[in-house]
Amino acid sequence: MVVGDIEVGTDVLIAGAGPAGYTAAIRCARLGLDVTLIDRNELGGVCLHKGCIPVKALLHVFRLVEDCRRAADMGVKADGVAVDLKKAYEWKDAVVKRLEHGIRELCQASGVQVMEGSCSFLSSSKAVVSGPSGTQRVTFRRAVIATGARHKPLPGLPFDGKSVLSPDDAIYLDRLPDDVVILGGGYAAITIGALMAAGGMKPTIIHKGERMLSFVDRDLIRPVIKKFGEKGVKVFQASSWSVERMDDGLRVEFEHDGVKEQAETKTLVVAIGMLANTDGMGLENTGVRLDGDGFVMADENFRTDDPAFYAIGDVKCGHCNASIAFWEGMSLAGILAGRPGWPGYMAVPQTISTDPEIASAGYTEEKAKEAGIEAIVGRFPFTANGKAVSMGKAEGFVKVIAEKGTHRILGVHVVGPGAFDILQEGVLAIEMGARLEDIMLTLHPHPTLCEAVKEACAAALRESTSIIEKS
Amino acid sequence: MVVGDIEVGTDVLIAGAGPAGYTAAIRCARLGLDVTLIDRNELGGVCLHKGCIPVKALLHVFRLVEDCRRAADMGVKADGVAVDLKKAYEWKDAVVKRLEHGIRELCQASGVQVMEGSCSFLSSSKAVVSGPSGTQRVTFRRAVIATGARHKPLPGLPFDGKSVLSPDDAIYLDRLPDDVVILGGGYAAITIGALMAAGGMKPTIIHKGERMLSFVDRDLIRPVIKKFGEKGVKVFQASSWSVERMDDGLRVEFEHDGVKEQAETKTLVVAIGMLANTDGMGLENTGVRLDGDGFVMADENFRTDDPAFYAIGDVKCGHCNASIAFWEGMSLAGILAGRPGWPGYMAVPQTISTDPEIASAGYTEEKAKEAGIEAIVGRFPFTANGKAVSMGKAEGFVKVIAEKGTHRILGVHVVGPGAFDILQEGVLAIEMGARLEDIMLTLHPHPTLCEAVKEACAAALRESTSIIEKS
Amino acid sequence: KPAEAGVPVLATPSTRMLAKQLGVDINALKGTGPGGRITDEDVRKATEKPAVPPIQAA
Ligand SMILES: Cc1cc2nc3c(=O)[nH]c(=O)nc-3n(C[C@H](O)[C@H](O)[C@H](O)COP(=O)(O)OP(=O)(O)OC[C@H]3O[C@@H](n4cnc5c(N)ncnc54)[C@H](O)[C@@H]3O)c2cc1C
Ligand SMILES: Cc1cc2nc3c(=O)[nH]c(=O)nc-3n(C[C@H](O)[C@H](O)[C@H](O)COP(=O)(O)OP(=O)(O)OC[C@H]3O[C@@H](n4cnc5c(N)ncnc54)[C@H](O)[C@@H]3O)c2cc1C
């Protein structure tokens, strides 16, 4: 990079330093490219500062408190077990800081040029970056749009960070109010609902879809709904809703089972969809094409309609999450260095931090049916898993979907303890084209939660000796 | 089964209802065979009553207390956090009872005949079972020896359940003495040492091997040694030892680094090897051949030298653990029903409940070298794993061993949080003949511990963007 | 992209990578491995140009 008084030149400009952008940047630099990474905030994006990591850090604390409280019968003596919210936030902040520092070091060690500021494009080869130290022009040969997405507000009800919150605002609450209402039933809404429930709050979740988390099979949701109920979290399916501001809060009116209901709250979380962070970026000065919500149209090699521009991560049209963002950053860096991109993946692991946790990848029973695939299904309950029983967490099950005849594994779904980690054997199985027998014949350590995946495969083959099979 | 006054007849007699025996029995019955399962104790064997399960149930409680104590900085408020040992034992007993009940139900539902009593053989077709309800003769066509193994005492120092304990006695301590000495450095010794350390005791471990847990690479042991040190557990390598009974305890003399040392203790745990449970079983009346420690000689299809006899699980010559015992039970049942046995497995997952946990499968670096395999190694520390950091457990690493050139994964080793479950992706990879790229190109949910396996594979390929690679 | 319709191609990620590197459309291949699995060999074969140009149809 040549730094002049007026202009900075770079081969690859990357706008946005979330998982997608910083991964692409580090990989580009390692592959010998001249790369400049620009973010208007700190490195790490939503994932590190407002999403995945803060949620997990807080949940870890909340769950420890829950586990400890429930464990008196198991022999855990403890008095006055409670969350110290201030300390929990400090912990979360310390975790974020430590990881942010790690990313910064990685960028430095790899030779990534980092610039702080908001990036907008003047043309297909020129951008301006306005940051705390003024405005700088950057010329580039290729640009990567990795600016992510943000939550969409309700029409006429902008987020105010106080009473109308987006899901990531909800991570910064300095108190745990009891009367929160969450609008939405997708990933973000349920994640925030589950986090609040773990913290002892009793939010009301109102969603419009046929059911919450509609991308997983209905049976996986059941244990979560049950636990929500036990914790005092109410979940309503609404055919319509409207929100009205009042003097000291909000009133949500909604129709549920044909009956008009209403909920009053001081804190409303709106998680009804996403908008891409492309507004004000001057993309109209380039050939990049956007959809109605601002998402960048790009192909499977991340190419946009402007040959100088690529897009990865949340800002790109289509389903995304942090693990896809990392993957796309890796793949794109190779492409920019003249390699072919990575081949497409077959299974996207979805993880939802409910209680019990849900993790899901590949075909669900419903989707297999829709696709006309003749499937066999194996199911194994954690009540029959020695490790889950020994943890006092024998809730939920593993479900495996395989093609009839070939026994090829097409989907693996877990609701229960350790779901996020034990899923991965199934994800690899799907990618490898493994058969049920491949997992059944593979040793699984005992006693572990991952044995439940093996047992579900055995059950699909009607070979499990750990459950009573109806024949 | 025909029950007469004098004699019971069965096709398949299975002696021993541990993981090997009960699995074989249930599977045999499901495959339509007439099967009788005999145990002198309750169903479930060492694994359920004195091994895997009780250790895990107690550890779960001890670890929860440890985690809770350490979590004040994270925002967990709690006073007087401690283990209530009586309740912890009750919890463990309840877990065991619940699982024992499950096995009983499975046997019943499948049509397994269960007999309580000690089994010994009169010939290759006749046995006697002496139980609480008297003595019964059983004639059989085929017999399966699945009577397991027990810990070997020191010569001249029999186990007394009070001051000289076997590892499984150690699970039944009604107090947690501070001055325990453990002799041995293998799986059982270290498991008991780690359990005691988690319970707040400070055992002294004295072992004779070159190092403890010699079956895993040295670097995997290091984080465990460090933690042992922090908890006040002392580990000594001894070139020789001797034990002397005193009036109120025992004196262990040993030579360490050429210096004579001694330790006095009221409680000695001896975990120096195993003896098969074949004595007093009348096997001299059959064609079954045993080795010097009583282990049954059998081939890979579990056939002994007597055509009517098979052997599975710990009682059989060679390395065993519960997961192998289950696997052998499944495989043998098929063989008895006229099917071919299962093909051999390539990787045995080993799990050791230390702090941090160790899980290991396939070739270690040392073993690959010994075998003359040119290997590449990838290592990824949990300090760079977002989930581990968010749990405050960023200790240890994942290590992957692959064949140079082909990149075929030959070994996966984890020391760190969640080790037992995240290993399994690696075990499947080894069994499937997967390459490093297969795991690297597979999506891993974020933020999870299992991402560390992916990163170790990427590191082996020098493609990790999450650590600073020396080039 | 996740395969949304039908059963995805039977090939490991690394074989699919090889196909991408060699510019082979893996979905058009017939696998010779067990159960129709597409092997590295299948992908490499697909890049081999026939030694003699195919005879023009009459
Ligand atoms: C509460 C919550 C929980 C979540 N939990 C998970 C989870 O557990 N697992 C998971 O996989 N996903 C999770 N997600 C989603 C995940 O955070 C996103 O998919 C991921 O962050 C997308 O990465 P990205 O790099 O595409 O974009 P982002 O992380 O959004 O990063 C974009 C970056 O671009 C910067 N930027 C934007 N515009 C400009 C501009 N004009 N100039 C300069 N910089 C700009 C932003 O400051 C930001 O740093 C969660 C999201 C939320 C809200
Ligand atoms: C402290 C400890 C922790 C362990 N932890 C683990 C772990 O985490 N993971 C793991 O994989 N392994 C573990 N093991 C090892 C595991 O317990 C054994 O490998 C496993 O139990 C072997 O199963 P088995 O069926 O061969 O024999 P066993 O479980 O030993 O069962 C044999 C059965 O035979 C019965 N029997 C014996 N002789 C006779 C007779 N003559 N007549 C009638 N019945 C008889 C016994 O009563 C017993 O029920 C642990 C062991 C110990 C001691």
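**Ligand 2, shell.** I sorted the shell around ligand 2 by residue class and found 15 nonpolar, 14 polar and six charged residues, where Asp, Glu, Lys and Arg count as charged, Ala, Val, Leu, Ile, Met, Phe, Trp, Tyr, Cys and Pro as nonpolar, and the others, Gly among them, as polar. I note that this is a predicted model, in which local features need pLDDT of at least 70 and side-chain atom pairs pLDDT 80 or more, while totals for chains, interfaces and linings use all residues, and side-chain values rest on heavy atoms without hydrogens or water. Residues are numbered from 1 along each chain as written, with chains lettered from A and ligands numbered from 1 in written order.

I counted 35 residues around ligand 2 (a heavy atom within 4 Å), and the closest are His446(A), Asp39(B), Cys119(B), Asp314(B) and Ala322(B). The ligand lies between chains A and B. Among the elements of chain B that each supply at least two shell residues are helix H1 (19–30), strand S3 (35–39) and helix H7 (322–336); helices are DSSP runs of H or I with at least four residues, strands runs of E with at least two. Domain 1 (7–150 + 275–336) and domain 2 (164–270) of chain B each give the shell at least three residues, with bounds from an automatic or database assignment.

**Ligand 2, polar contacts.** I looked for N or O pairs within 3.5 Å. Nitrogen atoms of ligand 2 take part in two such contacts with backbone polar atoms, at 2.8 Å from His446(A) and at 3.2 Å from Arg40(B), whereas an oxygen atom of ligand 2 is 2.8 Å from a backbone N or O atom of Asp314(B). Of the 990 Å² that ligand 2 exposes when taken alone, the protein buries 95% (Shrake-Rupley, 1.4 Å probe).

**Ligand 1.** Which residues come nearest to ligand 1? I found Asp39(A), Cys119(A), Asp314(A), Ala322(A) and His446(B), out of 36 residues around it. The site is shared between chains, because residues of both A and B surround the ligand. By class I recorded 16 nonpolar, 14 polar and six charged residues. In chain A, helix H3 (52–70), strand S6 (118–121) and strand S9 (149–151) are among the elements that each supply at least two shell residues, and both domain 1 (7–150 + 275–336) and domain 2 (164–270) of that chain contribute at least three.

Oxygen atoms of ligand 1 lie 2.8 Å from a polar backbone atom of Asp314(A) and 3.2 Å from a backbone N or O atom of Pro19(A), and a nitrogen atom of the ligand is 2.8 Å from a backbone N or O atom of His446(B). The protein covers 95% of the 1000 Å² that ligand 1 has accessible on its own.

**Cavities.** I then listed cavities, that is, sets of points on a 1 Å grid over the protein atoms alone where a 1.4 Å probe fits but cannot get out, lined by residues with an atom within 4 Å of a point. There are six of 30 Å³ or more, and the largest has a volume of about 1300 Å³, taken as the space filled by probe spheres on points joined across faces, edges and corners. Its 44 lining residues include Asp67(A), Met391(A), Lys393(A), Asp67(B) and Met391(B), which are the closest to its centre.

By class the lining holds 14 nonpolar, nine polar and 21 charged residues. Helices H3 and H10 (419–432) of both chains A and B each supply at least two lining residues, and H3(A) gives the largest share, eight residues.

Methods:
A polar contact is a pair of N or O atoms within 3.5 Å; within protein, one must be able to donate a hydrogen and the other to accept it, and residues adjacent in sequence count only if both atoms are side-chain atoms. On a 1 Å grid over the protein atoms alone, a cavity is a set of points where a 1.4 Å probe fits but cannot get out, and a pocket is an open set with protein on both sides within 12 Å along at least five of seven lines; lining residues have an atom within 4 Å of a point.
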